[in-house]
Amino acid sequence: MTTSHRDSDMLLTPRTWLQMLAQREKKRLSLSVVWGVLAGGHTALLVVGLAWVIDQLVVQGRPPGSLTTIFLGLLVVVALRSLFQALQEASGAEASLRIRQYAREELLNKVAALGPVWLTRQQSGALATQSVEHIDALDGYFARFHPQLRIVVALPLLILCVVGWLDYLVAVFLLLSAPLIPLFMALVGMGAERLNRDQFRAVSRLSAHFVDRVRGMATLQLFGHTKVAQQDVWYATDDYRRLSMRTLRLAFLSSAVLEFFASVAIAVVAMYVGFGLLGYIDYGPSPSLTLFTGLAVLLLAPEFFHPLRTLSQHYHDRAAALGAAENIVAILNEPDMVPRVATAPTVANAVIELRDVTIGYVGRATVIEAVDATIFAGDVVVITGESGSGKSSLLALMAGFMAPSRGKCCYQPGAQVAWLDQTPCIIQGSLADNLRLAAPYADEHAMINALQRAGLGELLRQLPAGLDTQVGERGVGLSGGQSQRLSLARVYLSKAPLVLLDEPTANLDAATEQAVIQALLAWAREGRTLVIATHHPAVVAVANRHFMCDSGQLVEVVS
């Protein structure tokens, strides 16, 4: 799934991407704003009501019993205020959850569109951090900051109107002091955004660094470098700690300064009310100031600044979201490598048809060019050549893992492809879990048969747990030959008509190499089409067609 911004070749920025995400849940985010304004309006109604009740009890001398209806009304206002606050939080949380689900889906779809060739150049720890922690870092932005950014416009204006109705001079005080908080927030925000961006980069590096060290632990132990690796991880962790403390220090400092500005403004209002009631100020509405109006404007002043203070508290959510979005947008802006639409071959009985194909990578020289070749159903094709001549790139192209820089690679749309690499992909889980990567609905009998055909029948009989035997990531618990045979079993199980093999016999013992060659012959007898990149003469001998990569060209060798 791709979106319109990439179709129009427009590069995303973190801000535009966050805006696009917000548009997807515009209704829920708007509801959160409405509930927030209603909650703030009921707060203003509550404090004005309390000021009136106190005036009636103290100045007018009315008995509390005569104000029972007013007290009940104030209780209703409190209940409604709590309800609106709960609705505001629920709407914001629901919008944030939906946005993060979509953002994670968009990121994973983009990774799929970039394909396995792109993935080989990435660090899995960094990708895992981006798809989990960086996406989750958007929560505060959409659940709290984005709605509050709208509330901070509407609610203070509403309170300012009420204060102006009671005493316009206090409204002028509030209006003059209010811009100081957004101005300081903007200044602090620029620094916080940069710190959060550095922090997210640091945690990505730390994740990748840690995963790489764990995966290479056996090699590090072999060469006696475990203490050095441990020290490297400690230094990386300490760098992340320092960045985190700098971010927290800036957040606490900015909150303290913002509270100071709000407190000064409220203190000015309190002084005006006090001196006005004492008769020391006779300017404007001061002579008509009463306990009710004075107490009401004094209680409303903190509520006027409350949305601004709340926004400042959530301002670090914005900085965190922008820092996280920058890393995600960098991936979303990558050009797709996997072709979007498959084109069927024009030659009869052809499985793959290459027309004037050129293969290259961004920022690198062309690997191979002007390739014209047709692979027919039932062919057993070998591709030979020196290392780096383009054999693996041709296989990746035929598998649909990448698109050509120029020309067309035509293959049957929806056709199943089996891929066998020289370094098999073994996941942490049971033998059955690994086999079901090729056939998710395969039954036990089919899996056992596939293992037997791959030469793992004897091993399976020796395992007490059978198919439920657990293996580690990258085949931990299995020998190199057993991992390769497990991959062979997956190909048997898949029944894919096209099998692509990249150096399938590299670094194998003689017995496993012979098992691979026998598997090739068995697949050929089943009518499968095989394309094999290899250096081994024994594999070349079983093929009926031979191509050679030489000096950036693909030449068919006719025997």
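How far apart are E94 and R98 in helix 4? In this predicted model, the two residues are 4 positions apart in helix 4 (residues 68–119), which means that about one helical turn separates them. E94 and R98 form a salt bridge, and their closest N and O atoms are 2.9 Å apart. Such pairing is a familiar idea: side chains of opposite charge can pair when their charged atoms come close. Both partners are partly exposed, because the relative accessibility is 30% for E94 and 36% for R98, and partly exposed residues lie between the limits of 20% and 50%.

The structure holds 14 salt bridges, and some of them reach across the chain. One of these joins the side chains of R104 and D136, with an N to O distance of 3.1 Å. This pair links distant parts of the chain, since R104 sits in helix 4 and D136 in helix 5 (residues 124–136), 32 residues apart. R104 is partly exposed at 24% relative accessibility, and D136 is partly exposed at 36%. R104 and D136 also belong to a network of salt bridges that includes R100 and D139.

Another salt bridge connects R144 with D317, where the closest N and O atoms are 3.3 Å apart. R144 lies in helix 6 and D317 in helix 12, so this pair ties together parts that are 173 residues apart in sequence. The two partners are covered to unlike degrees: R144 is partly exposed, with a relative accessible area of 36%, whereas D317 is buried, with 8%.

Helix packing comes next. Two packed helices are described by the angle between their axes and the distance between the axes. For helix 6 (residues 139–166) and helix 11 (residues 291–313), the angle is about 165° and the axes are 8 Å apart. Helix 6 is therefore roughly antiparallel to helix 11, and their crossing is left-handed.

On the surface, I54, L57, V58, V59 and F71 make a nonpolar patch of about 410 Å². Helix 3 (residues 26–58) gives the largest share of this patch, 3 residues. V58 is located in helix 3 and counts as exposed because its relative accessibility is 61%.

Finally, the backbone deserves a look. Most residues other than glycine have a negative phi. N349, however, has a positive phi near 65°; this residue is in the loop between helix 12 and strand 1 and is exposed at 55% relative accessibility. D356 also has a positive phi, about 45°, but lies in strand 1 and is partly exposed at 36%.

How values were computed: Residues numbered from 1 in each chain as written. Predicted model: local features only at pLDDT ≥ 70, side-chain atom pairs only at ≥ 80, totals over all residues. Heavy atoms only, no water. Patch = residues over 30% accessible without salt bridge, like charges linked within 9 Å, V, L, I, M, F, W, Y side chains within 5 Å. Areas by Shrake-Rupley, 256 points an atom, 1.4 Å probe, with all protein chains shown as cover. Salt bridge = Lys/Arg side-chain N within 4 Å of Asp/Glu carboxyl O. Buried < 20%, exposed > 50% of the residue type's maximum accessible area, 1.4 Å probe, protein only. Axes fitted to C-alpha atoms, helices over the stretch in contact; angles between N-to-C directions. Parallel < 35°, antiparallel > 145°, perpendicular 65-115°, else oblique. Left-handed = near helix turned anticlockwise from the far one by under 90°.
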